[in-house]
Amino acid sequence: MVDTKNPGDKTLSVSPTKTLTLKPRVEQGTVRQSFSHGRTKQVVVEKRGKRRIGGDSPGPEPAGTPEQASVRTPAAKAPPPRATTPAAPRAGSGVVLRKLTDDERSARASALAEAKVRAEEERRIAEAEAARRNSKEGIEQAEREAAEARRKAEEERHRQEEEAKRKAELEAKRRFGQTESKPAPAKTTTTTTRAATPARPAAVAADGSDEDEAPRLVRRPGGPARPVVAPKPAAKPAPAKQRGRLTLVTALSADDVRERSIASFRRRTQRLKGHASNEPKEKLVREVIVPEAITIQELANRMAERAVDVIRMLMKQGAMHKITDVIDADTAQLIAEELGHTVKRVAASDVEEGLFDVADDSTDIEPRSPVVTVMGHVDHGKTSLLDSLRHANVVSGEAGGITQHIGAYQVTSPDGKKITFIDTPGHAAFTAMRARGAKVTDVVILVVAADDGVMPQTIEAINHAKAAKVPMIIAINKIDKPEAKPERVRTELLQHEVQVESMGGQVVDVEVSAKNKTNLDKLLEMISLQADLLDLKTNASRPAEGTVIEAKLDRGRGPVATVLVQRGTLRVGDIIVAGAEMGRVRALISDQGETVNEAGPSVPVEVLGFNGPPEAGDRLAVVENEARARQVTSYRAHQKRENAAASASGMRGSLEQMMSQLKTAGRKDFPLIIKADVQGSLEAILGSLEKLGTDEVAARILHAGVGGISESDVTLAEGFNAAIIGFSVRANKEAAAAAKRNGIEIRYYNIIYDLVDDVKKAMSGLLAPTLRETMLGNAEILEVFNISKVGKVAGCRVTDGSVERGANVRLIRDNVVVHEGKLSTLKRFKDEVKEVQSGQECGMAFESYGDMRVGDVIECYRVETIQRSL
């Protein structure tokens, strides 16, 4: 029994063999969904069962027609198709099928139409693809046939060439009478046969693929009918090309002659180059310049050898080295000679070769002015005499009226010739200046005061002139004074092997008066005559050479050096080297203060442009470029540092030096920082302070330089608790403030002997004072009393001299000193007294000592401290 009033209600089925059941079409369940941040949600899920036509048996669903399958595709999104005509119910099923509605019929029709259109489009695409594939296969087949034809033509040509070659060989053998042997079969034929035998399955496969060109339609349940695309055929080998590349066809045909590919040609070229590199090359013999020390890398570069070969040779000698290690010249020479090179040994000092004393061309020499040095004892009138000759007042510019700078000037003689004068200080501290002046001079004028005679610095000047082997002219000055005795001066000079012309000698003497300008013309005449005898000539067109007379650091102009040009001409722009300093000449200033563009031989000038102030006495030279200048200055700076380090360490030496070091090991140092205006004054100060040193105390120069006192000098003095001495210089504002803030003393001086005297007094304060004992008297112990709260008191009689309270005493027992101390108590009749005379009795007590016995002798004395001085 079926109720069909409500078609959407659940169906009730009655079976005679089964119980009454209710089967829902929708199955419900819950699923928990998880979201971010831990949120969850329960969702009700419904599962609809498939609609089955017929009974409730779970048999497979009929496939239906292709149209029904296309309706069930997802693209159609239509309800599942149903039969157009109601199916007859099965016997006993009890199911009544309902008819399709109009909407369902229209949806089904539209879905079928869309499926037909889609199937037609896919068929057209498959046909176009098949046509394109067929045309491509036809082109490839034509290319293969063309390649085969070319191959056969090439084989025919090779066969003909082989045949012609074989005939030529037979003809040659027949001519030489040799028996003809059966020719071997041509390799080409065998190769051709072997290459032609294999079949080509690719072609067969391609032919077989053309049997069925129409695409097949395959229907699957639940989807529309779709054409099946035929699989693509296997890739065919590309046809052989004219450029001779390796292809499958040419590889299978071994008799085909192939050209070399580009890659093969490159490989062959590389192999040939590799073999050529392995061939023994001709050994290049080089002249290797080996200095005193050289790195392994530099040595290998100079030999054009590999550094590993040099290291390998050193390892054979038992020495392990790295490429950056420095080896000596002997080892480098041994390595270079073993490798077949010639070696030229050079020293580091060779960089100075060619700087000085290069011979002049005799055709280019011309006369030059004489250089005259004025020497003599202090205050004998050297500078006054030069002032009279120059008509200038130089003495007023010197502190204390003594010359402390070496100066160079030019004077015109009555005959119109130029004479260069060098004025040297006469103070004992300026010995080095006088020696330097004597080295660069042609003539020495020895000034001797007629009233004083020969003095110590006069003797020293004579010795300098003799050492320099230059002629002397004796100028007997101050003849205007009443006490002047020129004859006494001539007689005293004889004691030092100086014999003037008036006494039968060779030395010219002139009596002059700088104050009254007496006989100055005669002095200049004698200088010119002496210069003519010397025949002074030089080449003025060559690069300049000279000597630094003085050097200083000017605040506005920088390093300034007074240079006496001796050879050649010094010009603005020249690259110069002097000692460890180099530079380019920026300006030349004459002795008159005028700026000049060049300075010839025997001309003194101030040179501006040095990187730093050179040392007085350094030789100046003009070099060709800055590289040579840097090379020379770096070598000299290195030598200077090595000498300073060696003198500071003091380990070079003999036994005498070691003993002197032991003596001075415990002496006290007086630290000083010295700044001077010029290099010559600084040199004189350092020499004078060095002479002040003794075994107990010595001046320790922390820093000495030219220029004003800077803030760095104050910082250095603060670190070592040193004093700062400025000679003719001043401290700048920052340095003065820093010295005042840190309590550093700065002393300023203008006269050198004042400076030396003050340093001498300060160094004397470091000397340990001398202790002197003065005997006061002796006393003999007659009785020893033991007094409470006081201790032992000795009753004594003064036998000699006197005894004073608080004096030092010695307790002598059996002629042996058993105690030394001080007298704490001295009484006479119970009264404290200050002194007890000889023959009187008194009571004595010692400080912290009570072991006194009858018969002991007390010796009383006083200790005096005497301050020592240098």
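User: What is the relative accessible area of Glu-148?

Analyst: This is a predicted model, in which local features need pLDDT of at least 70, side-chain atom pairs count only at pLDDT 80 or more, and totals for chains, interfaces and linings use all residues. Residues are numbered from 1 along each chain as its sequence is written, and side-chain values use heavy atoms, with hydrogens and water left out. A residue is called buried under 20% relative accessible area, exposed over 50%, and partly exposed in between (1.4 Å probe, protein chains only). Glu-148 counts as partly exposed, because its relative accessible area is 22%.

User: The side chain of which residue meets that of Glu-148 in a salt bridge?

Analyst: Side chains of opposite charge can pair when their charged atoms come close. A salt bridge here is a side-chain nitrogen of Lys or Arg within 4 Å of a carboxyl oxygen of Asp or Glu. The partner sits 3 residues from Glu-148 in helix H2 (residues 102-175), about one helical turn away, and is buried at 10% relative accessible area. With 2.0 Å from N to O, the side chain that meets Glu-148 is that of Arg-151.

User: And which residue forms a salt bridge with Asp-309?

Analyst: Asp-309 is buried, with a relative accessible area of 19%. Its partner is exposed, because its relative accessibility is 53%. The closest N and O atoms are 3.1 Å apart, and the residue is Arg-306.

User: How many salt bridges does the structure hold?

Analyst: One more example in helix H2 joins the side chains of Arg-174 and Glu-171, at 2.0 Å from N to O. These two are 3 residues apart, which means a separation of about one helical turn, and Glu-171 is partly exposed at 30% relative accessibility. The count of salt bridges for the structure is 44.

User: Which residues gather in a patch of positive charge on the surface?

Analyst: Patches take residues with over 30% relative accessible area and no salt bridge, joining like charges within 9 Å and nonpolar side chains (Val, Leu, Ile, Met, Phe, Trp, Tyr) within 5 Å. Lys and Arg count as positive and Asp and Glu as negative, while His and the chain ends are not counted; each charge is placed at NZ of Lys, CZ of Arg, CG of Asp or CD of Glu. One member, Arg-268, lies in helix H6 (residues 262-278) and is partly exposed at 37% relative accessible area. The residues of the patch are Arg-260, Arg-267, Arg-268 and Arg-271.

User: How much accessible area do Phe-785, Ile-787 and Val-790 have together?

Analyst: Accessible areas come from the Shrake-Rupley method with a 1.4 Å probe, and for residues only the protein chains shown count as cover. Val-790 lies in the loop between strands E30 (770-787) and E31. The three form a nonpolar patch on the surface, with a joint accessible area of about 270 Å².

User: Which residue is the bridge partner of Leu-826 in E36?

Analyst: Helices (H or I, at least four residues) and strands (E, at least two) are DSSP runs numbered from the N terminus, and two strands pair if DSSP finds at least two bridges between them. Strand E36 (residues 841-846) has 5 of its 6 residues buried. E36 runs antiparallel to E31 (residues 791-804), with 4 bridges, and antiparallel to E33 (residues 816-828), also with 4 bridges. In E36, Cys-842 partners Cys-796, while the partner of Leu-826 is Met-844.

User: Along strand E5, which side chains point to one face and are buried?

Analyst: In a regular strand the side chains alternate between the two faces of the sheet. E5 (residues 287-290) pairs in the parallel sense with E8 (residues 342-345) over 4 bridges, and Glu-287 stands opposite Thr-342. Glu-287 and Ile-289 point to one face and are not buried, whereas the buried side chains on the other face are Val-288 and Val-290.

User: What is the phi of Ser-602 near?

Analyst: Ser-602 sits in the loop between strands E23 (598-599) and E24 (603-610). Ser-602 is buried, because its relative accessibility is 1%. Its phi is positive, in a residue other than glycine, and is near 65°.
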